[in-house]
Amino acid sequence: LATEMVGFRVTARQLPAAALTVHATRFQETFERAPIFWRTEGGVWAVMARWTCKPKFNWFGGYGSGRPTAWCKLRLDGDQAVEAYLGVRMQYENVAEEYGQRFRDLNLSFCTDGHTLESGYTVMRATRAFGNPETVLLRRGVVVARTTDPDFLLPAFGQGHNRWFHVRVEKRGGALRVFLDNRLALTYQDPDPLPGGYAALWTHNNGMLLGRVNLSAEWLTRIPAPLPVPTPEPAP
């Protein structure tokens, strides 16, 4: 069953509800505020327009050559799920290029070391990295599942110009499941599952927008509190 809310009831008078603290290992990012939980590398990352014809609609995104990447600073350990809604940016460095060729490489990595994408699992949607267009699941850079089903690639711009593309990965022990647009696309049973790590959203020689990201895990570690600023000693 889909879970929207979680509630509890206290029946023991010696345990008042006001004394209880609920800890949720779930984090939702809509980028309505400064993206303090993210670190970017490669390309240009900012709040930017998705379409040249509608510059007033803006989202957090990145574009550029190489592999523009947004790393999440939260660490996920144990069983976990990472979900993102991604869009294709219309322009790429203002270079004339067939828009339809941009509907590729909406990629998500998780259980990484926070620095190297190949250190964890990766879903590459509609990539051409291995020849013909396909969607693949990799474990430390090695393909462990793949599909060429058109429903699990990306449509041309005529069908995807206004769409957000949904990707969700679930890890339960060694069982991995990849959902694309709320449909099960790939599965893999890892005999030596990776324990956890950091998630990243990235593309390759392209531009992408991040609409919303949801993360949950058995153990979710947020950014530690900043170190206190030392009090300056008085001047002699």
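## Close-up views of charged residues

**Figure 1. Glu 134 is a buried residue that pairs with Arg 146.** In this predicted model, Glu 134 has a relative accessibility of 7% and so counts as buried. Its partner, Arg 146, is partly exposed at 48%. The two side chains meet in a salt bridge, with N and O 2.9 Å apart. Because Glu 134 sits in strand E8 (residues 134-139) and Arg 146 in strand E9 (residues 142-147), the pair ties together parts twelve residues apart in sequence.

**Figure 2. Arg 125 and Asp 181 form a salt bridge.** Here the N to O distance is 2.8 Å. Asp 181 belongs to the loop between strands E11 (175-180) and E12 (183-189), while Arg 125 is in strand E7 (residues 121-127), so this pair joins parts 56 residues apart in sequence. Arg 125 is buried, with 3% relative accessibility.

**Figure 3. Glu 83 and Arg 168 belong to a network of salt bridges.** Their closest N and O atoms are 3.9 Å apart. This salt bridge links distant parts of the chain, from strand E5 (residues 69-88) to strand E10, 85 residues apart. Glu 83 is buried at 11%, whereas Arg 168 is partly exposed at 23%. Glu 170 and Arg 177 are in the network too.

**Figure 4. Lys 171 is buried without a salt bridge.** Let us finish in strand E10 (residues 165-172), the home of Lys 171. The nearest side chain of opposite charge, Asp 79, is 4.9 Å away. The Lys 171 side chain does reach the backbone oxygen of Gly 173, at 3.3 Å. Other residues it touches include Phe 110, Tyr 121 and Leu 194.

How values were computed
Residues numbered from 1 in each chain as written. Predicted model: local features only at pLDDT ≥ 70, side-chain atom pairs only at ≥ 80, totals over all residues. Heavy atoms only, no water. Helix = DSSP H or I, 4+ residues; strand = E, 2+ residues; numbered from the N terminus. Buried < 20%, exposed > 50% of the residue type's maximum accessible area, 1.4 Å probe, protein only. Lys, Arg positive; Asp, Glu negative; His and termini not counted. Salt bridge = Lys/Arg side-chain N within 4 Å of Asp/Glu carboxyl O. Polar contact = N/O pair within 3.5 Å; in protein donor to acceptor, adjacent residues only side chain to side chain. Contact = heavy atoms within 4.5 Å. Lists of a residue's contacts leave out its neighbours within four places in sequence.
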